[in-house]
Amino acid sequence: MRCLYCKSVYASPIGWRIFFGVDEPSLLCNDCHGQLVFVEGERCRQCDRPFSLFPEKYRQEDRCYDCVRWEKKSRTLLKNRSLLVYNSYMKDYFALFKYRGDAEVIQAFEKQLKKLYRKEFKNTIAVPIPLSIERHYERGFNQSKFITDLVTKRQLDCLKRPVHETKQSKRSREDRLANETIFSFKTEYADQINGQNVTLVDDIYTTGSTVEAAGRILLDHGARTVSSMTVARG
């Protein structure tokens, strides 16, 4: 097999679970797979950030300090769940995925993302985080829509991003948290979103500002609850 990320040829081990179709071979070579850190162990019950990633003083019982601050600011998200820790390997991985147009690399996590979605968000409607027209043209695709298509067909593309802002990775934490008006709602979807439990889908959760801003728009237009699922948690 050829690794989706580094393109090296590797031999996938064949155990009885793979032989009988219980599991499927990894689409990443052993070296690449070994760089992945899955979100597990003790973590914030709201945003899914592993407690091992930050000092104990920023933890308040079963929540991180960021979530406590969001609560004081008027929280919109019910919860966030993520598959992987956003480490240096995943930073390079997402650069290949988003900025160099290799969309297929995210398929390495398709099975795990589907499993996570079915476990945490089974009876919800998925809404991908949109890109501005300029950013969509620049990249050629919306990575959040691509991820959403991998996990569910029950989705609504009901948000738009009229503001073309600086890339999130280039902005300070303070700028991200202050940017609350970057989304608007497509009113033709009002009846379909009203009273529904919604899951926002995005690639990375860092400060939570993007999904909080999107969630606020959805709640304002009748959504019952809003949660989020991302591939990685920063």
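1. Before looking at one of the helices, you need a yardstick: the expected span of a helix is 1.5 Å times one less than its number of residues. Keep in mind, too, that what you have on screen is a predicted model.

2. Now try the yardstick on helix α10, which covers residues 209–220 and so has 12 residues. From its first C-alpha to its last, α10 reaches 17 Å, close to the expected 16 Å.

3. Is α10 largely enclosed or largely open? Buried here means under 20% relative accessible area. By that cut-off 9 of the 12 residues of α10 are buried, so the helix is largely enclosed by the rest of the structure. Among these buried residues are Val-211, Ile-217 and Leu-218, and the list also includes Ser-209, Thr-210 and Glu-212. Just after the helix comes Gly-222, with a positive phi near 105 degrees.

4. Next, find the sheet. Four strands make up an open sheet, and if you walk across it you meet β3, β8, β7 and β4 in that order, with parallel pairing. At the edges sit β3 (77–85) and β4 (125–128), each of which pairs on one side only. On average, neighbouring strands here are turned by 25 degrees against each other, direction ignored. As background, strands of a sheet pair through backbone hydrogen bonds, either parallel or antiparallel.

5. For a closer look at one pairing, pick β7 (residues 197–205) and β8 (residues 225–233). These two run parallel and are joined by 8 bridges. You can start tracing them at Asn-197, whose bridge partner in β8 is Thr-225.

6. Which helices should you check against this sheet? One is α5 (residues 110–121), which lies across β3, β4, β7 and β8 and runs at about 160 degrees to β3. Another is α7 (residues 143–151): this helix packs on the sheet and touches β4, β7 and β8. The direction of α7 makes about 125 degrees with that of β7.

7. Finally, two backbone oddities. Most residues other than glycine have a negative phi. Yet Lys-7 is not a glycine and has a positive phi of about 70 degrees. You'll find Lys-7 in the segment before α1 (16–19), and it is partly exposed, with a relative accessible area of 31%.

8. The other one is Glu-61, also not a glycine, with a positive phi of about 60 degrees. Where does Glu-61 sit? Look in the loop between β1 (59–60) and β2 (63–64). Glu-61 is exposed, at a relative accessible area of 71%.

Key. Residues numbered from 1 in each chain as written. Predicted model: local features only at pLDDT ≥ 70, side-chain atom pairs only at ≥ 80, totals over all residues. Heavy atoms only, no water. Pairing = 2+ DSSP bridges. Axes fitted to C-alpha atoms, helices over the stretch in contact; angles between N-to-C directions. Contact = heavy atoms within 4.5 Å. Buried < 20%, exposed > 50% of the residue type's maximum accessible area, 1.4 Å probe, protein only.
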